[in-house]
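Let's walk through a structure together, one question at a time. Have a look at it first, and then we can reason from the atoms to the answers.

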Amino acid sequence: MSFNQQKKTEDPNPFNHENKRNWHSLSTLTDNSSISLYSFDFWNTIVFSNPIFKQKRAEYLINILSHDFSLKEINQAFEKVGQEYNRLMEAGSKIVAPEKLYWQVLKELKYSQTIDLNSLLKGVETIFLKYPPSIDQEFLDYFDSISKVDIKFSITSNTAFISGS
C-alpha cells in the first residue's frame with residue numbers, strides 16, 4: 001500500500017478518519033541514511049479533530065449567539081474560513097490570531113450583533129478540552145521506531161481556531 005492510499009483495514013482510531021496514513025509503509029525510508037530531518041504536519045496527519053467537538057462548538061455558538069442558525073450553517077462557516085486560512089498559510093501568509101478567524105466566521109454567518117468574543121473563545125476552548133482531538137496511534141508507533149535513529153524532527157501546525165496557549 002502506498003503512503004497516499006487510504007487504509008482499508010479496520011481503523012483503531014475511535015474517530016475513524018478516512019485519510020489516515022499507513023505509517024508502517026514509511027519504515028523503509030527510516031533505513032535511508034541520507035534523511036536527516038523528518039517534518040510532520042500536526043493536524044490531520046498526527047492528530048485528528050474530534051467530531052463531537054465540532055458539534056458541541058456549533059451548539060454552543062447557536063446558544064451564545066441567540067440566533068436561529070443550524071448546526072450545518074455554523075460548521076460550513078468554520079469550514080469555509082478554515083479552508084481559506086489554510087490556503088493563505090500554504091501560500092506563505094502570516095499567522096492569524098483565532099480572534100480574527102472567529103470574526104470572519106461571524107461575518108460569514110452575517111451575524112452583526114455585539115458579542116463578547118473573549119467569552120466566546122473561552123467557551124470554545126473549554127469544549128475543545130472536554131472533547132480533545134485523537135492522536136494517531138500508528139503515528140506514535142512509527143515515531144517511536146524512527147526516534148531511535150539519529151534524525152531531527154519538526155512538527156508544524158497552524159492551530160487556527162484554538163489559541164494553543
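Q: Is Arg-87 in this predicted model buried, partly exposed or exposed?
A: The model is a predicted one. Buried would need under 20% relative accessible area and exposed would need over 50%. The relative accessibility of Arg-87 is 45%, so Arg-87 counts as partly exposed.

Q: Which residue forms a salt bridge with Arg-87?
A: The place to look is helix α3, about one turn of the helix away from Arg-87, at a residue three positions apart from it. That residue has 35% relative accessibility, so it counts as partly exposed. The closest N and O atoms of the pair are 2.6 Å apart, and the partner is Glu-84.

Q: How many residues apart in sequence are the parts that Lys-80 and Glu-108 tie together?
A: These two side chains form a salt bridge, with 3.3 Å between the closest N and O atoms. Lys-80 counts as partly exposed at 48% relative accessibility, and Glu-108 does too at 32%. Lys-80 belongs to helix α3 (residues 71-90) and Glu-108 to helix α4, so the parts they tie together are apart in sequence by 28 residues.

Q: What separates Lys-56 and Glu-59 along helix α2?
A: Their side chains meet in a salt bridge, at 3.8 Å from N to O. Lys-56 is partly exposed at 29% relative accessibility, and Glu-59 is partly exposed at 31%. Because they are three residues apart in α2 (residues 51-65), the separation is about one helical turn.

Q: Is α4 roughly parallel, roughly antiparallel, roughly perpendicular or oblique to α5?
A: Helix α4 (residues 98-108) packs against helix α5 (residues 117-130) at about 100 degrees, and their axes are 11 Å apart. Angles from 65 to 115 degrees fall in one class, which means that α4 is, relative to α5, roughly perpendicular.

Q: How many of the residues in the contact of α4 with α5 are nonpolar?
A: On the α4 side, the residues are Glu-99, Tyr-102, Trp-103 and Leu-106, and they meet Leu-117, Leu-120, Leu-121 and Val-124 of α5. One residue of this contact is charged and none is polar, while the number of nonpolar ones is seven.

Q: Which residues of strand β1 point to one face and are buried?
A: Side chains alternate along β1 (residues 37-41). Leu-37, Ser-39 and Asp-41 point to the other face and are not buried. The buried ones are Tyr-38 and Phe-40.

Q: What is the bridge partner of Asp-41 in β4?
A: Strand β4 (residues 152-156) pairs with β1 in the parallel sense, over five bridges. For Asp-41, the partner in β4 is Thr-156.

Methods: Residues numbered from 1 in each chain as written. Predicted model: local features only at pLDDT ≥ 70, side-chain atom pairs only at ≥ 80, totals over all residues. Heavy atoms only, no water. Axes fitted to C-alpha atoms, helices over the stretch in contact; angles between N-to-C directions. Helix = DSSP H or I, 4+ residues; strand = E, 2+ residues; numbered from the N terminus. Parallel < 35°, antiparallel > 145°, perpendicular 65-115°, else oblique. Contact = heavy atoms within 4.5 Å. Nonpolar A, V, L, I, M, F, W, Y, C, P; charged D, E, K, R; others polar. Buried < 20%, exposed > 50% of the residue type's maximum accessible area, 1.4 Å probe, protein only. Pairing = 2+ DSSP bridges. Salt bridge = Lys/Arg side-chain N within 4 Å of Asp/Glu carboxyl O.
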